[in-house]
Amino acid sequence: ATAIATTTAQIVEAARGAGFDAKQAARIKKRFGIDVYQPRLVSEQGLRRAQGLVAARIASRSAAIGGAASSSHVDAAKRYGLLAKGTMAHLFVTSFPSSKEIEAFRAYARAHPDAAVFLIDTYGTLSGANNAALVGQELKQAGHQLIGVRLDSGDIAALSRQVRKILDRAGLQQAKIFASDDLDAPRIKKMLSRGAHLDALGVGTRMSTGGKQSYLRMRVRRVKKATAGKGRGKDGMRVVLRHGRRQGRAAATSEAIARAAQGLAKLAGRLKDAMPKAPAKSRQRKKKRSRAKDKETTGLVLDKYHLTMANAFWNEGKHQERAAFNSYVRLPPFGKDHIVTSGLSFFLEHLKNFRFSDSDIAYLGEAGDLDPKFLDYLRTFRFRGDILAMREGSVAFGHEPVMQVTGNIIEAAI
């Protein structure tokens with residue numbers, strides 16, 4: 001957890017240009033017209049990469065403490081009072097004919113007219129940007145506003161500059177450009193040094209797993225006397241257990257976020273404005289009371305974009321359309337050509353309990369970005385599709401399917 005919070009803090013610093021001195025910042029602005037010190041929000045999006053459900057919750061909370069402004073993990077957002085945010089995935093765009101990418105954007109815009117962020121690199125980033133601009137103009141004419149577009153592949157720095165011109169020419173200067181694609185602090189700094197026009201960043205793998213620094217080299221050393229008190233930082237060690245009994249109360253997530261923000265702000269003054277506001281404590285206490293009833297349900301253990309896409313499918317009447325999706329590993333780790341499968345039993349247990357409780361529905365309704373009639377549909381949602389999977393312990397190779405899910409398009413996508 002500490003490694004994740006620390007990694008997140010470094011990513012947040014990089015997003016705010018902490019690695020550039022004034023002369024470097026001036027040169028970049030003169031050449032590319034961007035301010036490397038511009039506030040750029042960072043969102044944690046690592047649910048799919050975390051090592052299990054508990055690890056995913058720890059990662060989302062730790063990332064928030066490190067400065068992430070939001071999380072795509074809906075269950076963690078509900079538990080810890082975080083801001084849940086999501087856009088769309090490639091599977092949404094590919095659920096429409098390739099020649100009708102613009103229709104995918106229009107469908108999503110109809111479901112989310114005031115919260116649309118289009119993923120534009122499915123078939124070609126620049127053609128996707130032009131389609132997004134057209135739909136953005138249609139939204140504008142209807143009294144709505146395109147929130148932005150997301151880049152997830154290619155030379156993001158160069159593409160972002162071209163996409164910015166396309167959006168500006170369409171009169172969509174307010175539309176933001178989001179970036180994802182295995183980002184970390186060094187890559188973010190490199191993109192900014194090359195004039196990337198980016199307003200927000202989504203980071204998953206390198207944040208929620210700790211990235212290359214996925215562990216801390218902790219050591220144990222015997223001391224002559226047990227002491228509590230201040231160390232080099234603002235807070236030193238404090239007594240939390242005495243004679244095996246808890247002393248004081250556990251810090252709320254909001255308190256930990258605020259404490260980290262204050263400490264990091266002292267190290268680098270301009271980081272202060274980069275940190276998100278702490279969630280209301282009363283909201284966290286309210287969620288604690290409701291969790292006891294929800295412990296057997298897992299409906300919220302998904303990325304927010306699964307819900308926003310499902311809402312759009314439902315809105316278009318496509319929710320009964322049959323679909324099948326394969327899951328596979330593109331590139332096995334450690335330079336090898338194979339993987340060993342595991343975790344199927346945990347996944348099936350999770351799926352057995354996958355449903356939305358009344359408090360889950362109430363929580364989703366609070367954000368106001370999902371259709372109330374769609375939420376009614378979720379009340380009775382159960383997975384009734386089919387799954388093919390390799391047995392645990394099987395050896396599989398890159399791009400070889402290890403699982404296939406078939407069902408209606410919402411079942412298969414979620």
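This is a quick tour of helix 9 (residues 185–193) and what surrounds it.

Okay, housekeeping. This is a predicted model, where local features need pLDDT of at least 70, side-chain atom pairs count only at pLDDT 80 or more, and totals for chains, interfaces and linings use all residues. Residues are numbered from 1 along each chain as its sequence is written, and side-chain values use heavy atoms, with hydrogens and water left out.

The big picture: we've got 17 helices and 13 strands. Those are DSSP runs numbered from the N terminus, H or I of at least four residues for helices, E of at least two for strands. Of the 414 residues, 47% are buried, meaning under 20% relative accessible area with a 1.4 Å probe, protein chains only; exposed is over 50%.

Now, which residues of helix 9 are buried? They're Ala185, Ile188, Met191 and Leu192. Look down the helix axis and the buried residues fall within an arc of 125 degrees, so they line one face. That arc uses the directions from the axis to the C-beta atoms. Why does that spacing work? An α-helix has 3.6 residues a turn, so residues three or four places apart point the same way.

And what does the buried side pack against? Helix 1 (2–15), helix 2 (22–32), helix 8 (156–169) and strand 6 (200–203), with contact meaning heavy atoms within 4.5 Å. Flip to the face turned away, and you find Pro186 and Lys190, both exposed.

Last, the ends. Aspartate 184 caps the N-terminal end, with a side-chain oxygen 3.0 Å from the backbone nitrogen of arginine 187. After helix 9 comes glycine 195, with a positive phi near 80 degrees.

Technical notes. A polar contact is a pair of N or O atoms within 3.5 Å; within protein, one must be able to donate a hydrogen and the other to accept it, and residues adjacent in sequence count only if both atoms are side-chain atoms.
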